[in-house]
Amino acid sequence: MPDTAFPGTALPDTVLPDYGWLFSRTRAGRARGPGGARTLLDALGSPDTRFQSIRVIGTNGKGSTCAMLEAGLLAAGLRVGRFTSPHLHAYEERIRVNGVNLAPDRTRDFIEWAKIHASDAAFFDLTLALACQVFAEDGIEVAVMEAGVGGRSDATQTLGNVVAVALTNADLDHTGVLGSTVAEIARDKAGAALPGVPLLTTAVGEALDVVREVAGEIGAPLLTPRTHSELFVLPHAPWLEGAHQHLNAALAAATLRTLGHGDGIEAALNARHPVRLERLSVDGKTVLLDGAHNPHATRALARAVPHADVLLFGNLARKDTPATLAPLLPLTEVRVFTATGDLATPPQELADRFGGAALPDPAEALAHALALTPVGGTLLVAGSLYLAADVRGRLDRL
């Protein structure tokens with residue numbers, strides 16, 4: 001990053017980014033909304049106005065949709081940025097330029113600048129500002145920008161030069177922040193709409209009714225599979241498995257066509273994305289990794305995986321863990337519960353209530369779950385992106 005943007009931050013290449021400082025910038029006690037991110041972006045000279053943005057919003061499916069859009073835009077010959085969260089193994093996965101993760105030295109320089117100029121800013125706002133600065137400096141033409149939580153109330157609402165808003169769906173999650181009903185959550189997400197900017201969605205039912213109402217109030221053209229079926233049609237199924245991925249792919253395809261990049265659809269359909277029904281083989285056993293972490297996601301997962309020999313499950317306590325687990329219970333009676341950190345639902349509570357083994361340490365839980373899985377059988381890992389990432393990392397090292 002240029003010295004004009006981050007004066008006095010030059011450090012030797014051997015110095016690693018101060019991730020500890022960055023990760024400690026939690027939003028606790030800070031107001032939600034786009035205000036904090038806007039202050040940061042203004043301090044950096046409004047880099048978000050120097051490229052086009054596609055905002056991707058929804059309860060589930062945002063990451064997969066972003067991966068498809070990135071692949072499609074790259075195939076269309078554009079210079080593309082991608083901003084997503086959370087990361088699985090390295091912070092720099094959150095910010096990609098032309099399919100390549102951010103270099104850690106750029107993270108390091110930004111953190112040193114932020115310590116001086118934005119010490120009270122929240123983690124997500126800081127990461128969004130870093131992404132915009134990188135995209136502007138690197139001459140990105142179009143950036144695929146995944147919202148964090150919500151739509152109108154999310155930091156990405158501050159982005160300038162938004163050319164499309166893609167809303168995957170709206171269902172119960174983050175109820176303490178967005179509202180306790182599907183309608184309330186859909187209203188917040190649909191509030192990301194902008195006058196005259198296409199709002200594309202594969203939402204259904206009550207959520208779609210709310211999205212249609214909000215789009216009308218704001219003056220955003222609403223594009224859905226029912227109103228514009230020709231935009232959402234797919235030439236074949238996507239590489240990513242599950243009926244829910246067909247919807248994500250249809251949304252990505254419609255967005256590409258709307259923006260004049262339909263020649264990238266084939267690449268979009270062939271996009272990969274980790275821990276979305278990702279299949280690994282271990283000693284003749286199949287391990288299915290999925291980040292499903294709320295009831296809407298696990299219902300979709302259960303439809304895609306009607307049977308497993310063993311379930312390894314962990315969920316954050318702030319989630320509705322019983323409702324998240326419920327769709328997976330019929331898949332198998334052999335269950336291993338583990339913890340995804342200090343904020344996890346206690347595994348013993350789940351074992352006592354639903355039956356199974358409780359092993360708080362993920363490494364021990366994985367070893368036990370694999371031992372219970374027969375050769376030729378399937379171990380399903382779900383409940384948390386953090387758990388899926390932890391298991392993925394351990395299996396990669398085997």
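## A tour from the six-stranded sheet outward

Start with the open sheet of 6 strands, whose order is S9-S10-S14-S11-S12-S13 and whose pairing is mixed. The model is predicted. Strands of a sheet pair through backbone hydrogen bonds, in either a parallel or an antiparallel sense.

Next, select residues 278–282 and 357–358, which are strands S9 and S13. Both stand at the edges of the sheet with a single partner strand each, so one side of S9 and one side of S13 have no neighbour in the sheet.

Stay with S9 and add residues 285–289, strand S10. What is the sense of the pairing between S9 and S10? The two strands run antiparallel, and 5 bridges join them. To see one position in this pair, pick Glu278 and look across to Leu289 in S10, which stands opposite.

Now zoom out to the whole protein, which has 16 helices and 14 strands. Its radius of gyration is 21 Å, close to the 21 Å that the globule rule gives for 398 residues, so the protein is as compact as a globular protein of that length. Aligned to the principal axes, a box of roughly 55 × 55 × 40 Å holds the C-alpha atoms.

Colour by accessibility: 57% of the 398 residues count as buried. Switch to a surface view, where about 15700 Å² is exposed and carbon and sulfur atoms supply 53% of that area.

For contacts, take pairs of residues at least 6 apart in sequence; 73% of these contacts join residues at least 24 apart.

Finally, select the charged side chains: 34 are positive and 43 negative, and the centres of the two sets lie 2 Å apart.

Key
Residues numbered from 1 in each chain as written. Predicted model: local features only at pLDDT ≥ 70, side-chain atom pairs only at ≥ 80, totals over all residues. Heavy atoms only, no water. Helix = DSSP H or I, 4+ residues; strand = E, 2+ residues; numbered from the N terminus. Rg over C-alpha atoms; globule rule 2.2 N^0.38 Å. Buried < 20%, exposed > 50% of the residue type's maximum accessible area, 1.4 Å probe, protein only. Contact = heavy atoms within 4.5 Å. Areas by Shrake-Rupley, 256 points an atom, 1.4 Å probe, with all protein chains shown as cover. Lys, Arg positive; Asp, Glu negative; His and termini not counted. Charge placed at Lys NZ, Arg CZ, Asp CG, Glu CD. Pairing = 2+ DSSP bridges.
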